[in-house]
Amino acid sequence: MAANFWASSHSKQLLDPEDVDVVPAADRERGITTEEFRLVKIHMSSHIWRLAQQVKVRQRVIATAITYFRRVYTRKSMSEYDPRLVAPACLYLASKVEESTVQARLLVFYIKKMCSDDKYRFEIKDILEMEMKLLEALDYYLVVYHPYRPLLHLLQDAGVTDLTQFAWGLVNDTYKMDLILVQPPYMIALACIYIASVLKDKDTTSWFEELHVDMNIVKNISMEILDFYETYKVDPQRGLSDEKISPIMNKLPAKA
């Protein structure tokens with residue numbers, strides 16, 4: 001189940017949790033706090049999701065794009081790499097890597113249709129130039145493993161395939177967090193199954209025991225997911241409200 005992951009470049013890119021929400025010096029100088037840094041990542045992850053729905057790409061493309069987006073900001077500042085441009089460029093790059101290529105002109109068209117704020121609007125050349133910068137920022141490590149495939153396998157193994165839709169939705173929501181940067185995908189899948197089992201009154205205790213996984217880790221990931229729901233109210237169609245996100249985005253430099 002996890003053998004291929006541990007042999008992958010993705011596994012070597014896993015980070016310690018304390019390394020993913022470190023605000024770069026350039027952003028701190030602009031007054032960006034740790035919480036605001038986190039809010040921008042949440043909001044722009046939703047932006048990628050909405051844009052992806054317009055261009056109709058597979059779930060895997062969206063997940064890969066958001067992973068790239070979040071990984072970039074463990075290495076680069078938002079002051080240097082404008083998240084409003086990085087987001088569509090990540091979707092463009094992910095669509096090519098996942099062999100579901102979306103033309104840059106389509107992204108430009110739908111961004112202009114979706115966003116009235118000129119700061120979100122870019123031209124084709126902007127996306128293509130940012131794509132090259134992203135490749136360097138990601139050190140050309142582009143293979144990403146996701147929880148979806150192990151989720152389906154594990155649900156079947158546990159005999160609780162009726163939890164598929166609920167657990168799948170939980171996995172989707174983990175991309176509003178940095179879990180994919182710090183946890184193996186199959187552990188995220190297990191945590192989502194654990195939450196779904198508890199909330200839907202399914203007894204999977206003996207099944208989990210047979211897996212011989214560290215249940216402390218599974219429960220800690222589960223608590224992190226539930227804490228996210230408790231802390232952040234994210235509109236799936238709009239992301240965070242303009243009142244909450246605009247003052248933060250205004251601290252960042254806009255395109256000339």
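The following exchange explains how terms are applied to this predicted model.

Me: On what basis are residues numbered and features accepted here?
Reply: Numbering starts from 1 along each chain as its sequence is written. In this predicted model, local features need pLDDT of at least 70 and side-chain atom pairs count only at pLDDT 80 or more, while totals for chains, interfaces and linings use all residues; side-chain values use heavy atoms, with hydrogens and water left out.

Me: Why are F69 and Y73 called an edge-to-face aromatic pair?
Reply: Rings of Phe, Tyr and Trp (its six-membered ring) pair if their centres lie within 6.5 Å; planes under 30 degrees apart count as stacked, over 60 as edge-to-face and the rest as tilted. By this rule there are ten aromatic pairs. For F69 and Y73 the centres are 5.0 Å apart and the planes make 70 degrees, so the pair is edge-to-face.

Me: What makes F228 and Y232 a tilted pair?
Reply: Their centres are 5.2 Å apart, with 40 degrees between the planes. That angle is neither under 30 nor over 60 degrees, and therefore the pair is tilted. In addition, F5, W6 and Y145 form one aromatic cluster.

Me: How do you know whether the residues of these two pairs, F69 with Y73 and F228 with Y232, are buried or exposed?
Reply: Buried means under 20% relative accessible area, exposed over 50%, and partly exposed in between (1.4 Å probe, protein chains only). F69 is at 0% and Y73 at 1%, so both are buried. F228 has 8% and Y232 has 12%, so these two are buried as well.

Me: Why is K133 said to sit over the ring of Y81?
Reply: A charge sits over a ring if NZ of Lys or CZ of Arg is within 6 Å of the ring centre and within 35 degrees of the ring normal. The charged end of K133 is 4.6 Å from the centre of the Y81 ring, which is within the distance limit. K200 likewise lies over the face of F166, at 4.7 Å from the ring centre.

Me: How do you know how many disulfides there are?
Reply: A disulfide is a pair of cysteine sulfur atoms within 2.5 Å, and a search of the whole structure finds zero. For C90, the closest cysteine sulfur is in C115, 16 Å away, so the two are too far apart for a bond. C90 is buried at 0% relative accessibility, and C115 is buried at 11%.

Me: What makes the phi angle of D139 notable, and where is D139 found?
Reply: Most residues other than glycine have a negative phi. D139 has a positive phi of about 55 degrees although it is not a glycine. Helices (H or I, at least four residues) and strands (E, at least two) are DSSP runs, numbered from the N terminus; D139 is in the loop between α8 (124-137) and α9 (148-158). Y140 is placed in that loop between α8 and α9, and its phi is also positive, near 65 degrees.

Me: Why is D139 called partly exposed?
Reply: D139 has a relative accessible area of 45%. This value lies between 20% and 50%, so D139 is partly exposed.

Me: Which residues of helix α10 are buried, and what covers them?
Reply: In α10 (residues 164-174) the buried residues are A167, L170, V171, N172, D173 and T174. Their cover includes α4 (34-55), α5 (59-72), α9, α11 (179-182), α12 (185-199) and α14 (215-231). T174 has a relative accessible area of 3%, so it is buried. Contact means heavy atoms within 4.5 Å; leaving out residues up to four places away in sequence, T174 touches L179, I188, C192 and I225.

Me: What makes A89 a buried residue, and which residues does A89 touch?
Reply: A89, found in helix α6 (residues 83-97), is at 0% relative accessibility and therefore counts as buried. Residues up to four places away in sequence aside, A89 touches I127, M130, E131 and L134.

Me: How is the chain divided into domains, and what does UniProt record?
Reply: Domain bounds come from an automatic or database domain assignment, which gives domain 1 (16-143) and domain 2 (147-232). Their centres, taken over C-alpha atoms, are separated by 26 Å, and the contact takes 18 residues from domain 1 and twelve from domain 2. An unreviewed UniProt entry places "domain: Cyclin-like" at residues 46-136 and 149-227; UniProt positions are given in the numbering used here, feature names are shortened, and annotations may be inferred rather than shown by experiment. Residues 46-136 are 69% helix and 0% strand, and residues 149-227 are 76% helix and 0% strand.
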